[in-house]
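Trainee: Got a minute to go through this one with me? I'd like to sort out what holds it together before I set anything up.
Mentor: Sure, pull it up.

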Amino acid sequence: MTVREVFFLIGEGGAVLHRDDGESASHIADSRARWEAIWENRDQLVELAHSHPAGPLAFSHEDETTMAALASALGKPLVFSVVTPGGMLRRQGGADERVESEPGWADDLRRASGLPPRP
Ligand SMILES: [Zn+2]
């Protein structure tokens, strides 16, 4: 299975509202379809998550730019997370926190990214 970066749009109850597959382990292109999915789901979206199949467990510079643009476009506080083979990092209210008790979709995101479940 190909390892690739994957994006999930998460709604109430951990439902995956939208999935977008990147073209490699370290890149997912900005896509109009993804922006439209985010906009269409803006009222029910709870969290925006993506994988870093090769790490690191941190938000990249590109992630920071995208998060700022989304927060500005949607005009409401958003929750973002990054999932790696061994962990999950969540940004909420401006603070980053390691998530020890992961939601069920974190392993779904790993599986979609070509990774095994968290050990
Ligand atoms: Zn990223």
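Trainee: How many salt bridges does a search of the whole structure find?
Mentor: Twelve salt bridges turn up. Keep in mind that this is a predicted model.

Trainee: OK, give me one. Which side chain does Asp21 meet in a salt bridge?
Mentor: That of Arg4, at 3.3 Å from N to O. Asp21 sits in strand S2 (residues 16-21) and Arg4 in the segment before strand S1 (6-11), so this pair ties together parts that are 17 residues apart in sequence.

Trainee: And how does Asp21 count, buried or partly exposed?
Mentor: Partly exposed, because its relative accessibility is 32%. Arg4 is partly exposed too, with a relative accessible area of 22%.

Trainee: What about Glu100, which residue does it form a salt bridge with?
Mentor: With Arg118, where the closest N and O atoms are 3.7 Å apart. Glu100 is in the loop between strand S6 (95-98) and helix H3 (104-112), and Arg118 is in the segment after H3, so the pair links parts 18 residues apart in sequence. Glu100 is exposed at 56% relative accessible area, while Arg118 is partly exposed at 24%.

Trainee: Where does Glu102 come in?
Mentor: Glu102 forms a salt bridge with Arg118, with the closest N and O atoms 2.9 Å apart. Glu102 lies in the loop between S6 and H3, so here the parts tied together are 16 residues apart in sequence. Through shared partners, salt bridges join Glu100, Glu102, Asp107, Arg110 and Arg118 into one network.

Trainee: Switching to the metal. What are the protein donors of the zinc ion?
Mentor: His50 and His52, each through NE2, plus Asp63, which is listed twice through OD; they lie 2.0 to 2.5 Å from the zinc ion.

Trainee: How do the angles among the four donor atoms look?
Mentor: They run from 56 to 163°, and the site is irregular. For reference, the ideal angle for four tetrahedral donors is 109.5 degrees.

Trainee: What spacing do the donors follow along the chain?
Mentor: H-x1-H-x10-D. His52 is in the loop between strand S3 (45-51) and helix H2 (61-74), and Asp63 is in helix H2, eleven residues apart, so to speak a link between distant parts of the chain.

Trainee: Are those two buried or exposed?
Mentor: His52 counts as buried because its relative accessibility is 7%. Asp63 counts as buried as well, at 11%.

Trainee: Now the sheet. What order do the strands have?
Mentor: S2-S1-S3-S4-S5-S6, an open sheet of six strands with mixed pairing. S2 and S6 stand at the edges with a single partner strand each, so one side of each has no neighbour in the sheet. On average, neighbouring strands are turned by 20° against each other, direction ignored.

Trainee: In which sense do S3 and S4 pair, parallel or antiparallel?
Mentor: Parallel, over four bridges, with S4 covering residues 80-84. Ala49 has Ser81 in S4 as its bridge partner.

Trainee: Last one. Which strands does H3 lie across?
Mentor: S1, S2, S3, S4 and strand S5 (87-92). H3 runs at about 155° to S1.

Trainee: Great, that gives me plenty to look at.

Methods: Residues are numbered from 1 along each chain as its sequence is written. This is a predicted model: local features need pLDDT of at least 70, side-chain atom pairs count only at pLDDT 80 or more; totals for chains, interfaces and linings use all residues. Side-chain values use heavy atoms; hydrogens and water are left out. Donors are N, O and S atoms within 2.8 Å of the metal (3.2 Å for Na, K and Ca); water is not among the atoms, so sites may look incomplete. Four donors count as tetrahedral if all angles lie between 85 and 135 degrees; four count as square planar and six as octahedral if opposite donors are over 155 degrees apart and all others between 65 and 115; anything else is irregular. Helices (H or I, at least four residues) and strands (E, at least two) are DSSP runs, numbered from the N terminus. Buried means under 20% relative accessible area, exposed over 50%, partly exposed in between (1.4 Å probe, protein chains only). A salt bridge is a side-chain nitrogen of Lys or Arg within 4 Å of a carboxyl oxygen of Asp or Glu. Two strands pair if DSSP finds at least two bridges between them. Axes are lines fitted to C-alpha atoms, for helices over the stretch in contact, and angles run from 0 to 180 degrees between N-to-C directions. Contact means heavy atoms within 4.5 Å.
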